[in-house]
Amino acid sequence: MKNLIFIGPPGAGKGTQAQRLTGRLGVPQVSTGDMLRAARKAGTELGRKADEFMSKGALVPDEVVIGLVQERIALADASHGFVLDGFPRTVPQAESLDRMLAKAGKKIDDVVLLEVPDELIVERITGRRVGETSGRIYHLKYDPPPSPDRGEGGERLLLRADDREDVVRQRLADYAALTAPLVAWYAGKGLLRRVDGVGALDDVTAALFRAIGVN
Ligand code: AP5
């Protein structure tokens, strides 16, 4: 059983590596970005509210995201572990997570920081394509799909609405101001595992597995 957190700037490879790791560990990936995009697509009130922030590259208010995560990690499939991808992202979110886990008698085992310099981020994000049904993440150059607009099994590939260069700059600024302080927060608790996110995908996966003791 492992309860993990992935932290890193937009486009660092959190979703990509979380998909690989959850496949290996058999625990769910809990991506707040994916949950918010699903709510937006479904046209729920929460989705409409989240879209006001997401389309500008701003963080959605803490209370909205905290409620989503609380409900998600209480589900049966997360009882033997989970990989939190994109949460927590602010100190108040991290404090809430501590409280919700303590109540449930759980704890975080490792916090993985995927480190990628800003100058690589825009290329990664603008080349990203996501499978409409599977959510599988591709990159046109670094992890190419069978064709530029179709993924495995022929599924349609989508571009995320917030993957425009101007929006990415805002997301990077928010990461530096609001999320980067969590690095010191988790280092202070002895939970931080730094992983170099630059390099071939399989090499990053191998480094990540080593960092958290998964064979
Ligand atoms: P979210 O969906 O969490 O986006 P993000 O954190 O900005 O991260 P990304 O999904 O863009 O990147 P990633 O690190 O997962 O990279 P990926 O693996 O796809 O959040 C979106 C929005 O939702 C936020 O802006 C906010 O509005 C809201 N939100 C979400 N959570 C929130 C929270 N907790 N609080 C408040 N608001 C919240 O990889 C990127 C690309 O690079 C892919 O194409 C991939 O194939 C490629 N790639 C990956 N690794 C490599 C490699 N080693 N070499 C070359 N290419 C690579």
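**Notes on the predicted model**

1. Let's start with a single side chain. Tyr 142 counts as partly exposed, because its relative accessibility is 44%, and the band for that label lies between 20% and 50%. Keep in mind throughout that this is a predicted model. Tyr 142 is found in the loop that runs between β6 and β7. Setting aside residues up to four places away in sequence, Tyr 142 touches Glu 123 and Leu 201. If you want a distance to check, Tyr 142 and Leu 159 are 17 residues apart in sequence, and their C-alpha atoms are 16 Å apart in space.

2. Now the overall picture. The chain holds 9 helices and 8 strands. Its radius of gyration is 16 Å, which agrees with the value near 17 Å that a compact globule of 215 residues would have. Along the principal axes, the C-alpha atoms fill a box of roughly 45 × 40 × 35 Å. Of the contacts in the chain with a separation of 6 or more, 68% come from residues 24 or more positions apart.

3. On burial and surface: 47% of the 215 residues are buried. The accessible surface of the chain comes to about 10,500 Å², and carbon and sulfur atoms own 54% of that. For anyone setting up charges, there are 31 positive and 30 negative side chains. The centres of those two sets lie 2 Å apart.

4. Which strands does β3 pair with? One is β1 (residues 2-7), which runs parallel to β3 and is joined to it by 5 bridges. Another is β2 (residues 29-31), also paired with β3 in the parallel sense, over 3 bridges. For registry, Ile 5 has Leu 84 of β3 as its bridge partner, while Ser 31 has Asp 85 of β3.

5. Staying with β3 (residues 81-85), 5 of its 5 residues are buried. Gly 81, Val 83 and Asp 85 point one way from the strand, Phe 82 and Leu 84 point the other way, and all are buried. Asp 85 therefore counts as buried on the under 20% cut-off, and it belongs to the set of side chains that shares a direction with Gly 81 and Val 83.

6. The loop after β3 deserves a look in the viewer. Pro 88 sits there, between β3 and α5 (91-103). The peptide bond joining Phe 87 and Pro 88 is cis, with omega about -5°. As background, most peptide bonds are trans.

7. There is also an antiparallel sheet. It is open, has 3 strands and follows the order β6-β5-β7. The edge strands are β6 and β7, since each pairs on one side only. Strand β5 (residues 128-131) sends Arg 128 and Val 130 one way and Arg 129 and Gly 131 the other, and all are buried. So both arginines there, Arg 128 and Arg 129, are worth a glance if you care about charge placement.

8. How do the partners of β5 line up with it? On one side, β5 and β6 (residues 137-139) pair in the antiparallel sense over 3 bridges, and Arg 129 has Tyr 138 of β6 as its bridge partner. With β7 (residues 157-158), β5 makes 2 bridges, again antiparallel. There, Gly 131 is the bridge partner of Leu 157, and Val 130 stands opposite Leu 158.

9. What about the hairpin of β5 and β6? There are 5 residues between the strands, and Gly 135 takes a positive phi near 75°. For context, most residues other than glycine have a negative phi.

10. Last, an arginine in a helix. Arg 48 belongs to α3 (residues 45-54). Is this residue buried or exposed? Arg 48 is exposed, because its relative accessible area is 54% and the cut-off is over 50%. Its C-alpha atom is 40 Å from that of Arg 210, with the two positions 162 residues apart in sequence terms.

Technical notes. Residues are numbered from 1 along each chain as its sequence is written. This is a predicted model: local features need pLDDT of at least 70, side-chain atom pairs count only at pLDDT 80 or more; totals for chains, interfaces and linings use all residues. Side-chain values use heavy atoms; hydrogens and water are left out. Helices (H or I, at least four residues) and strands (E, at least two) are DSSP runs, numbered from the N terminus. The radius of gyration is taken over C-alpha atoms; the globule rule is 2.2 Å times the number of residues to the power 0.38. Buried means under 20% relative accessible area, exposed over 50%, partly exposed in between (1.4 Å probe, protein chains only). Contact means heavy atoms within 4.5 Å. Accessible areas come from the Shrake-Rupley method with a 1.4 Å probe; for residues, only the protein chains shown count as cover. Lys and Arg count as positive and Asp and Glu as negative; His and the chain ends are not counted. The place of a charge is taken as NZ of Lys, CZ of Arg, CG of Asp or CD of Glu. Two strands pair if DSSP finds at least two bridges between them.
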